Each structure stands twice: as structure tokens, then as C-alpha cells.
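Q: Please take a close look at one interface in this structure. Which residues and elements form it, and what kinds of contact cross it?

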Amino acid sequence: MSKRYILIDPVTRVEGEARVVIVVNGKNSIDEIYYEILSTRGFESFCIGRAVEELPRITSTICGVCSWAHHVASGKTLDKLFGREPPITAKKIRELAYYMQIIDSHLLHFGVMALPDLVFPETDPLTRNIIGLLKVEPKIASTILGTRRYIKQIEKIFGGKPIHAAFMIPGGVTRSLKEEDVEKLKEQVGELKKLIIDILDFFKNRIVKSELYQSLLNDESYMLKTYYMGLIGSGRELTFYDGKLKIIDSEGREIAVFNVDDYTEYIAEYMSNWSYSKFPYLRKLGWHGFDEKYILRVGPLARINVVDKVPTEIGGNEYKEMIESLGGKPIHNTMAYHWARIIEIVYSIERMEEMLDDPDLLSKDTVNLEGEPRYEGMGVIEAPRGVLIHHYKSDEHFIATHVNIITPTTFNNAAINTELKKVARKHLDLTNGDRVEYKVLNKLEMSIRAYDPCNSCAAHVIDLSTSDEFKVLIIEKETGRKRLVKYKVV
Amino acid sequence: MKIAIVYGAICGGCDVAIVNWGEKLIDIAKKYDIVYWNAAVDSKLEDLEKIDHINIGIFMGSIRTDLHVKLAKLLRSKSDIIVAYGACASYGGVPGLATLTRKEKLIKDLASTITTEKIEEEDIPDPAKIPELLKTNYALIQIIDPDIIIPGCPPSSVSNEELAKFLLEYQEGTRLKEKIVFGEENSLCSICPRRPEDLHKIKMPGIYRLYEVKLDENKCFLEQGIICMGPATRAACKAPCIKNNHPCVGCMGPAPGVDDVGLKYISSVASLVMVDKEKEILEEGLAKQLDKIVDPIGVFYKYTLSNSLIAKLAKKSNKRDEKK
Amino acid sequence: MSWKPKIVAFFCKWCAGSAADLAGVSRLQYPSNIIPIIVPCTGRISARNIIEAFMNGADGVLIGGCHTPNDCHYLAGNFKAFKRVYLLKKLLKQVGIEPERLRIEWISATEAKKLVQVTNEFVKEIKKLGPLHRGE
């Protein structure tokens, strides 16, 4: 028997365009699995030549789900390029606004993308979604949809637009907050917090305690013993807006703590011809292919693994409880990403509540125009999905000459590819010829979804092929019959 | 009835804009089956191919690969109504800034970032080959003819309300008499809360870049010497950026009657720069101010380059280079 | 070579337009490549008019207006034209089209000789640049 291919095309309930191709050999075992990012737009190319102060608006459109992460990371990068220290008020407004991004993105992922798998993974694929959830779990589904109203309103106050916001400028933010803004924020944040507590309760009582989630947590195939990287605050606590990068190994030992300015010493990237996304790795270890021993992960689970504490009341307790119930750190089970995400949502809303009482928020001093330009800047932020790095160089007219952006999904790209092989080798029964059950393929997608990949973000590019034909293998759902369809390049 | 949401090259912001319907999504889901929507629904490409008829096809994103062309044509062939949703589908969007960058250059730039250390072409089987990039970025409307165009990066809450209303009132089988573009038949200035002293006699006191000055929270941006795309941009939002003290960047696309934003803007803004000091500072002084616009493409065509007249002219002119 | 550059010239009727008439009356010849279009004021020429000329086959566009600072019949139309042309040249350069294909000159009604000289020079320059619609 010759080789055959199983496709998940496209991977669904993730953001962006991605596909899985499984190569099965004649002996019914898996030769290779590719998690492929299917498109790129080429930001690192077309950002060259732009006036650098436009980059927060331009790079924000790398990703619509974490647009604020790019917007804020870009602004921080410009602070450094212009050599400006933003006033304390600007920093606080940015940090406060940014917690909203974490909550927004995490809730969206949890509700729309992840939850159907944690509630009814084996249901008909066509109802395995938020709409289907409305029938089975009407309360939680409508709570999740209900959060959108508050999120939208809060984001409007900070960013003007809820998606692709407009407030970051070099050395500060565009406008000051008025007292009525803060009052409105307090009200909205209070309402949102109630919903978030409901969601936390649901997660703890209905998901964590479920057999399904427990079996996922105990499934060795959803486990990778890897390196982890994340930001830590000055007290080594959980932080999103600013901090130092910390790397630990799979035993939890600290490997490095460094400023983003030195990131090129630690990070390098591998590029291949089968994905429009690169594969970052630790420069000192080198690229060793998809071997978990050498792989680095970022994101909610990585953050929980690298920080010493989560410094809010409810969030802090939940953090301790999670670690205890999973047997200590580092936690390697990918399904724990969901849990970490919930903790971060809670932490963020608590931080927002705290910060809204800060009188500094109301100062009119929102931008610093002074500073010695460096014509180069690096900025880092914890995006919802993990470490996000922007790095720009400019000429003396502040026109961009080099742009490098490493997104969290790019960081996790190697891990996703590695884990898929484990999951597929354990769960895919290939002895049945070409027939593969959809619910089994969904087990692969669940592994991918745990990382909440943002494939739009990940899209760097290389395509070395010159063929003018492109083929897609279609596997029919009912019969399992395969058809190879060819497309001509236009 | 059936709705399908299909992607070109996207960022996901349009998806979030749809999710931001919140509870309204429930009403829409009562009337329609959402048969395809990668971000939220588990149907695969083969499922989409099997569906004979779709009532409303919503397309998000620009056209960047051969797969996007295929998906756009597939959706058009099955749908009664096609909605070009968002700036990318409508005008090419931010990815359109790569319209005049050759594909080879684009790839070279991405391969030469500072951290890219190792590049290898792996031996991969044919079915695992990824879609091919097209020569350039296109707006959806350059590939197929949509019935409704909803501009915006992403479409505003006003436009989303309008779309929800359309969907809830839509009767099966109805075709539109003519193409609809969402938004008002006016430029953003018409709804801008910042009122210049005399809308027809705005003076720009020079040109300042966004990093140079502290922005006044109430004054017309043009009167502060800040480039604001409002005059050439369709009013299809409630000026949220301006209310947040950030000039308009033109994401709603050309104002009614304008088909090339940059040319329109050059004609109009040029008249405003130092209009009262021309005879003192002369050509030299004016040139010095205009040189502050260091990147006309990035400022004037941030969302609309793909389908612009200037890009068409450049393509005609640059053909020889492409053959080289 | 059979290619002959086509040049669209927008002339203000108060100055360069009259200079073109004067050149005719004075039997001064300007090149036949020039297709003159007389406009009431150079301030009325939009960026779009210029790009359309290029789209429709022009290899070069010449604009002839009244001397700055004080000769414009409508006070400052010439400055408007200058600003548009200046920005448009920047844009052309950015999209890979030689900005030299677009030129603005101040030519008064009496300067027939200057008109002839400018047009000759411009035709020569465009010949050097070659056709705009390359390879079509």
C-alpha cells in the first residue's frame, strides 16, 4: 500500500487559516504531520518604508483578536525608538486598557472556540459551536455572549474602536481620561466582573470536575515537557504590560532572565516551505526539529509556570488551587492552558478594579515629547497567547528600515506540530483503511485549540515552491473516499 | 436559510466584529443556519463544497493566495447575496500596502529578519503543499462582484446594526436591484464632532507628524497641521478615532464619489497647507512642509491601495520590471 | 524606433496658454508631441486629471502656470498647483514611476520663447525615460 493523506481542512474554531495534513504510510502508521498556516500578508515587508508613528495602527491589523496587543507592543517599541519615557499616567492608562484585551481575547476563545469541546466534544460537528451550546447550556452561553456588550463599551472608552484601537502614540497615549470616563469604567468593570465570576464558577464546577476534562488532563498525549518563556514583574509576579523575559526548562529551572533588548541573543527562527509561519527556538540549543526536549512554549500556561505569584485575591487563590491539584509546577499538560486562561481573566478584572481607584489616571499629562532618539527599538508584551516581540529600525527621518515581529503563535508553532504527532499516534486508528471518524480528528483539533493559535498572527512567510499547480486532497465525510483536486495558479 | 462566512487573508477583526453582535447573534442564528464559519463552526471545506445553495455569503479578508480566489468564486456561485465585509474585502485593506511589492521581494524581506537563522526547503509530499501566493494582494471586488459592500477595519457598530437589520428582514430569494455600500452618502467631516471655524476655509498651519506635537483634544486635526483622512473618507462610523483624539486613518474607504482616496486627498489637502502664508514662504517653504509627508502611500492609501487608480497606473508602468 | 512620446500639457489660459498662441503668431515652433489643454487656472487641475492623462497614454504631463507669487489671476491657484504637483511627484516616485514625467513651469503670456524652450527640453527628457506603458 502506498502513502495516503488525511486532511483537516481547515482547522476550525481557531483564528485565521490553517490546515492539518497527516501522511500515513503503507504500514498504517503516521510518517509525518503538518500543521500548516495557509496565508501570509507580508507585514514585515510592507511595513518597511512606512513612517514609524503609523506602525501602531498598521501592525494592529496583524490580528483582529489581539489587535490591542500589537497596538500596545508597537507603541512601546516606538517609545524606545524615540528614546521617550511615557508619563506615569500614560503607562497606567495603557496597562489598564490592556487588561481588557486579555479578558476580551480569553473570553472569546473560551466561549466560542474551546468550550464546545469541553462540554460536548462528540456531538454532531455542525452543532458543536456556540449556537449549539445555547441549546445545551443556555445560561453559560448567554453569559458569554453577554460579556461582549461590556467588553465593547470598555474598549471604546480606551481605544475609540473596540477592534484596531487608536490610542498609542510614541511616548504616551492620545488622550487623558475624564472623571466621567472613570466612573463609567467602574460601573462597566463591576458588571463584567459579576459575569466573569459566574464563568469561573461554571469552569470550576462543571468543567474541572468533569470526567471529560480530567481525562484530558491525564492524557499523556496532550503533554509536552518543554521550555517555557514569559514576562515576570519586578516581584516575579504575573504581568502583561511590562516586565523581564524569563525562560525555564522542563524541570522548572531558571535558564535566563533578560530585557527584550537582548532577545536576539536568546531567540532564533527556523523557516520552511510548508507553512507561512516560522519556528522560533532557543538560539543556544539550536533547531532540532520537532523534538519536545528542545521546544519552547509561551502563553497562559507558560506564564503560570514562570511566575512566582498571581498577586490578586481571587486570581491568587485560583492559581494556588490549580497548581496544587495538578501536582506542582511546571505544569506540562496542554489542556491546562484553558485553566490558566480562566485564572488570567479573573486576575485581569481584579487588577482593573484596583487600578480604577488610582488618582494618577486623571492627570492630563499623557504624552512625553522629549527624548534622545535611538532609531531602533524593541518592545515586548504578554499578548493573550503569549510573548509578543516587535523590533523596528528607522532612518533619521523616522522611516522604518527593518521590522521584525515574533508573535506568540509563531513561538508555539513548533510545539503544536510536535504535540499533534503524539495525539495522532495515540488516538487515530488507521487500520480501518481510509475511514477516519470526525470526532477522532477533533481530538487533534482540540490539541491545537488549547494553544488558541492566532494563525493570522503567525503568518510570516516562505514559499520556495515554483509549481503553478496546487492540489487539495478531499476526503469525503460519509464514505471516506479521497479525491485529489488540482488548482491552477492565477 | 443559510449563511456562510468565508475568509481570504484575514486578521480576525471582522470575526470579532460579528461576535460583538453578542446576544443579537442569537436572533440571527434563529433565522439562519450558519453553515460555514471557521472561527466558530466546525464545517470543513468539503462541507462547503457540498452545499448547493447559500442565501447570504459573507466574505472577509483580501485575496492573497490561489485558495482565496477559489473560495471567493465558490461562494459567489452558491450565494444569492454576497457581502464584502470589511476594508480588506472592500478595498484590499492594510495588506494592500504590499500591492506594489513583488512577491519575491516580499518573501526575501520576511526571510531576512534579524532572528531568521535557518532556512530549509523540506521535501514534502504534494498534498501537503501550501497555497501559492498570488503576484499581489487584491480586494474581493477585483475578483467577484459582491452585492453589498461594508467598509471598515473592521466595520463599525453602526454598520453591524445595519447588517443585522438587513439579515433579520431579508426574505428568501430576494435579489438586490443595485449594489449597496453601507454608510452615509457623505465624508467623515460631515459627522465629525470637531468643527473648524469655517469648513470651507480650513487652513493647515504646516504639517506635523503624530510624534511631534501634543494633540489638542478639541480642535480640527487639519487646523492643528495633522493629516486626517476624514475629508476623503466615507462616513460609516461615528468617528470613534477622532473622539479618542486620533486622526482618521481612512479605514472606511473612499467617500462617495471618490474612487482614489490618495488623489482626492492630494487635491484637497494641498489646497489647505499654509494657505495664508504662500506668498511669504514661496515654493521652497511649501516644499519643506510637504516633505513632512514622508510616506504618501502609507498615509493616503493605508486601506485602499489594492484597488486604487495609482496602483493600476503603477502596474501598467512597471510591467517591464516584473518580467526581468 | 517608431515610439513618439505623447505629452499632455495643461496650460493656464491667462499665461502659458497665451504664450502658446504667441509662439504660433511669432512662428516659433514647439514639438508636435505636445497636446495642449487650456484650463482657466492651474489651480483647477486635480491630481486625478494628471493621473488620468497618464492612464490614457501620456508619457509626460507638463503644467504651465502664472509666475509666483503675484501673477495668478485668481490670487493663489498657481500655489495650489505647485503643492499638488509636488505631492504627486512624491507619490509617483514611491510607486515606481519617474517623477520627472510630471513637470510644472511658470510661463507668462509674453514668454513664448520660454515655452518653446521648456517643451523642447521636456520632450527630450521624456524620450530619454522611454514610454510609460512599458511592455504593454
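A: Lys83(C) forms a salt bridge with Glu278(B), and the closest N and O atoms of this pair lie 2.7 Å apart. (A salt bridge is a side-chain nitrogen of Lys or Arg within 4 Å of a carboxyl oxygen of Asp or Glu.) The model is a predicted one, in which local features need pLDDT of at least 70 and side-chain atom pairs count only at pLDDT 80 or more, while totals for chains, interfaces and linings use all residues. Residues are numbered from 1 along each chain as its sequence is written, chains are lettered from A and ligands numbered from 1 in the order in which they are written, and side-chain values use heavy atoms, with hydrogens and water left out.

The rule finds three salt bridges across the interface of chain C and chain B. Across this interface there are also 15 residue pairs in polar contact, both residues being at pLDDT 80 or more. (A polar contact is a pair of N or O atoms within 3.5 Å; within protein, one must be able to donate a hydrogen and the other to accept it, and residues adjacent in sequence count only if both atoms are side-chain atoms.)

On the side of chain C that touches chain B, helix H2 (47–55) and helix H3 (77–94) of chain C each supply at least two residues. (Helices, H or I of at least four residues, and strands, E of at least two, are DSSP runs numbered from the N terminus.) H3(C) gives the most to this side, with 12 residues. By class, the side of chain C that touches chain B has 18 nonpolar, seven polar and seven charged residues. (Ala, Val, Leu, Ile, Met, Phe, Trp, Tyr, Cys and Pro count as nonpolar, Asp, Glu, Lys and Arg as charged, and the others, Gly among them, as polar.)

The contact (heavy atoms within 4.5 Å) takes 32 residues from chain C and 35 residues from chain B. Together, chain C and chain B bury about 3,300 Å², 66% of it on carbon and sulfur atoms. (Buried area is the accessible area, with a 1.4 Å probe, that two parts lose on being put together, summed over both.) In chain C, the residues that lose the most area to chain B are Lys83(C), Leu87(C) and Arg134(C), which together account for 21% of what that side buries. Lys83(C) thus appears both in this group and in the salt bridge to Glu278(B).

Chain B also meets chain A, and that interface may be set beside this one. There, the contact takes 96 residues from chain B and 125 residues from chain A. Chain B and chain A bury about 9,600 Å² between them, 59% of it on carbon and sulfur atoms. Asp42(B), Ile130(B) and Tyr211(B) lose the most area to chain A on the side of chain B, together 8% of what that side buries. The rule finds 10 salt bridges across the interface of chain B and chain A. One of the residues just named, Asp42(B), forms a salt bridge with Arg128(A), with the closest N and O atoms 2.7 Å apart. Between chain B and chain A, 54 residue pairs are in polar contact, both residues being at pLDDT 80 or more. Helix H6 (residues 103–111) of chain B provides the largest share of the side of chain B that touches chain A, six residues. By class, this side of chain B divides into 49 nonpolar, 19 polar and 28 charged residues.
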